[in-house]
Amino acid sequence: CNDGNANTGNDVYGANCVCAGQPIDCLGVPGGSATIGSTCNDGNANTGNDVYGANCVCAGQPIDCLGVPGGSATIGSACDDGNASTGGDVYGSDCVCAGSLVDCLGIPGGSATIGSSCNDGNANTGNDVYGANCVCAGQPIDCLGVPGGSATIGSSCNDGNANTGNDVYGANCVCAGQPIDCLGVPGGSATIGSTCDDGNANTGNDVYGSDCVCAGTPIGTPDCEGVLNGPAVPGTSCDDGNASTINDTWSANCTCVGTLVGQCTGNEVVVAINTANNADQLTWEITNESNAVIAAGGPNTGENNMVVSETACLGSASESTCYGFRLYDSFGDGINGGNWQLRSTSGKVLLGDDFANGYRSPSATPANPSYTQHSFCLPVGNTHIAARSCGIFNFTMNSNVYCTNAPGATSNQFEFSDPDAGFIRRITVNTNKVRFNQMVTSPLTPGVKYFVRARNNAAGAVADAHFGGGCEVAMASTLPCTELISAPTYGHSCNETRTFNTNNSFIYALPVVGATEYQFRISIPGEGYDRTFIRSTYILQLKWNTSVAPPLVNGSTYNVQVNVKVGTLYSGFCGDVCTITIDNNANRPEVSMAQVGITTTMWPNPVRDGQVNLSIDGIQDEDQNITVDIQDIYGKQVFAKEFGNSGERFTAVLDLSGDIASGVYMVNITMNGQRIVQRLSIIK
């Protein structure tokens with residue numbers, strides 16, 4: 001029969017004559033066993049418990065990470081990896097149970113890991129991090145405020161006092177040194193008043209005097225006036241009772257003798273003192289090469305505010321020899337408004353200064369420890385400072401001081417001294433002029449008056465020659481302000497864009513003649529970045545690691561100011577504030593050569609014989625036009641040459657032996673529109 005139901009089959013009349021069929025199962029079999037909910041096989045090895053669903057689709061349950069169909073150990077579910085040092089354990093995508101390491105604060109996967117920043121709660125430390133034992137600890141802040149810095153208590157420093165040495169930071173972080181004793185030893189025991197040995201077996205109680213000269217008193221010896229250990233010893237002043245003689249002294253046999261006025265048969269020197277007030281407080285003495293006093297004198301009471309000139313006779317026969325001169329003031333305020341000079345009898349000024357204060361000239365603590373007396377030699381040398389250079393006190397570091405030419409001389413030695421202070425600086429040149437900026441080491445200080453004199457090698461070694469007449473000179477006491485160079489001048493970097501941490505990114509300050517130190521201050525107001533970089537040149541490479549200072553950030557704009565030092569003076573950050581913007585994109589021309597792997601090498605550097613080798617490696621273009629352009633610190637071109645080259649490597653020898661002076665130069669190497677800059681030092 002047909003029961004009219006499409007979902008049944010094998011329809012028949014039943015016992016009650018009702019037409020009915022059997023339900024068709026999921027396989028289409030009437031009365032079959034593949035019913036909904038019955039077992040089947042979905043053909044997937046990763047499932048289990050397969051049954052027919054309500055839509056007769058055969059499907060199973062996914063087998064979990066423990067192999068249980070439909071189990072809860074699914075990927076991402078919690079588990080236990082058996083490691084007490086981890087937490088948050090879950091099954092990974094590979095069904096491996098793993099957790100995150102517990103950090104130093106006990107947090108699984110937390111950021112407080114070993115080596116990460118923390119705060120140890122100590123205000124005297126910095127750069128705090130978790131150590132290997134998860135203990136938070138920092139580095140002690142040194143005396144300059146730098147965590148872990150080297151300026152620790154007991155480390156070396158500079159207290160700025162030329163009269164001390166062995167300077168270190170004390171327990172209070174104050175930089176202090178030990179006074180330099182009479183032997184030039186910091187903290188030494190040879191102090192003024194301490195025991196010494198003057199090398200004289202006839203003296204005792206030898207001590208260092210206020211001038212650091214070791215001297216003793218005669219041992220039980222009557223002086224020329226019969227006084228035991230008295231002052232009237234041979235060589236000291238006396239009075240022979242003859243008004244027609246001068247420079248009376250006790251002779252070796254204790255006879256008081258003088259030289260008849262106008263009848264000196266030996267060398268003579270004129271001591272001229274512009275006395276100001278209290279002339280009678282001033283005395284002077286002249287010593288021979290054995291340091292024995294051979295002449296002495298000084299103005300008399302009432303000879304105030306006038307020039308008192310005394311001609312000293314320095315022996316009974318003319319000879320080529322050298323002498324020492326010392327000037328004393330018993331009150332201790334110097335001439336205070338006057339000055340002194342040593343002159344030849346022909347009028348040449350041999351030496352002179354102001355003696356503005358103190359008990360003696362030169363100082364008892366001279367700038368040069370060996371400068372214990374003013375040295376002059378007779379007869380006077382034949383090289384004198386030119387009149388056109390004398391009495392000028394506003395020279396610049398680029399100015400020249402001239403001397404006269406002596407026949408046969410091929411070199412001249414100029415001596416600049418601050419006699420009262422005991423400072424001396426000598427420089428030998430092969431011309432009759434010297435420029436202030438040639439004195440790179442121990443440079444002269446602007447604003448200080450120096451006595452300058454010269455000698456030559458016409459008759460032998462320069463060191464054996466006598467100095468001629470000299471005069472006083474000085475450089476202007478004010479320093480020019482400097483700043484970054486503005487466009488379009490060579491080296492311009494004011495308000496420019498630069499890269500950071502490449503080999504060819506520099507900023508340039510306006511050069512100051514004679515400068516030995518440039519300070520570049522780079523900052524962003526209000527953001528906390530404020531660093532000062534000290535260089536010996538006017539060029540700063542924008543490349544340093546994080547141990548020196550934080551890096552400059554790409555896209556940021558920084559303010560730049562420059563402070564310069566000449567001698568012992570600083571200009572201060574008085575120039576205009578410029579900006580630099582950091583752009584590390586790859587399209588900047590000054591870094592393009594480095595970015596494509598091109599390297600340049602110059603050697604030797606510094607160059608002394610005028611020949612320097614240039615090598616360029618990593619060239620990619622088949623043919624190149626290479627230009628080498630060398631400029632001095634003022635942007636003046638001193639060398640230029642073009643080369644052609646084929647291949648990956650270029651080499652050349654540059655001849656710089658012409659009239660190029662010693663100094664630092666910028667070498668611009670341009671190749672097919674790409675440029676790289678290097679510094680080159682030339683020493684002649």
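Okay, let's start in the middle of the chain: strand S25 and strand S26, residues 423-429, run antiparallel and are joined by seven bridges. Before I go on, keep in mind that this is a predicted model.

So, staying with that pair. S25 and S26 make a hairpin, and four residues sit between them. Have a look at glycine 422 in that turn, with its positive phi of about 75°. If you want one rung of the ladder to click on, take glutamine 413, whose bridge partner in S26 is threonine 428.

Now the other neighbour. S25 also pairs with strand S28, residues 450-456, again in the antiparallel sense, and there we have six bridges. On that side, phenylalanine 416 is the one standing opposite valine 452 of S28.

How many of the residues of S25 are buried? Seven of the seven, over residues 412-418, so the strand is largely enclosed by the rest of the structure. You'll remember that side chains in a regular strand alternate between the two faces of the sheet. Here both faces of S25 are covered. One side has Asn412, Phe414, Phe416 and Asp418, the other has Gln413, Glu415 and Ser417, and every one of those is buried.

Let me jump to another strand for a minute. Threonine 321 belongs to S19, which spans residues 321-329. Is threonine 321 buried or exposed? It counts as buried, because its relative accessibility is 8%, and the cut-off for buried is under 20%. What does threonine 321 touch, once you set aside neighbours within four places in sequence? That list is Asn267, Glu289, Cys377, Leu378 and His466.

Right, zooming out to the whole chain. In secondary structure we get 44 strands and one helix. The radius of gyration is 46 Å, whereas a compact globule of 684 residues would come in near 26 Å. In terms of a box along the principal axes, the C-alpha atoms fill roughly 185 × 65 × 40 Å.

What about burial overall? Of the 684 residues, 39% are buried. The exposed surface of the chain is about 34,900 Å², with carbon and sulfur atoms supplying 50% of that. As for contacts, if you take those between residues at least 6 apart in sequence, 47% join residues at least 24 apart.

Last thing, charges. The chain has 26 positive and 61 negative ones, and their mean positions lie 15 Å apart. That's me done, so over to you.

Methods:
Residues are numbered from 1 along each chain as its sequence is written. This is a predicted model: local features need pLDDT of at least 70, side-chain atom pairs count only at pLDDT 80 or more; totals for chains, interfaces and linings use all residues. Side-chain values use heavy atoms; hydrogens and water are left out. Helices (H or I, at least four residues) and strands (E, at least two) are DSSP runs, numbered from the N terminus. The radius of gyration is taken over C-alpha atoms; the globule rule is 2.2 Å times the number of residues to the power 0.38. Buried means under 20% relative accessible area, exposed over 50%, partly exposed in between (1.4 Å probe, protein chains only). Contact means heavy atoms within 4.5 Å. Accessible areas come from the Shrake-Rupley method with a 1.4 Å probe; for residues, only the protein chains shown count as cover. Lys and Arg count as positive and Asp and Glu as negative; His and the chain ends are not counted. The place of a charge is taken as NZ of Lys, CZ of Arg, CG of Asp or CD of Glu. Two strands pair if DSSP finds at least two bridges between them.
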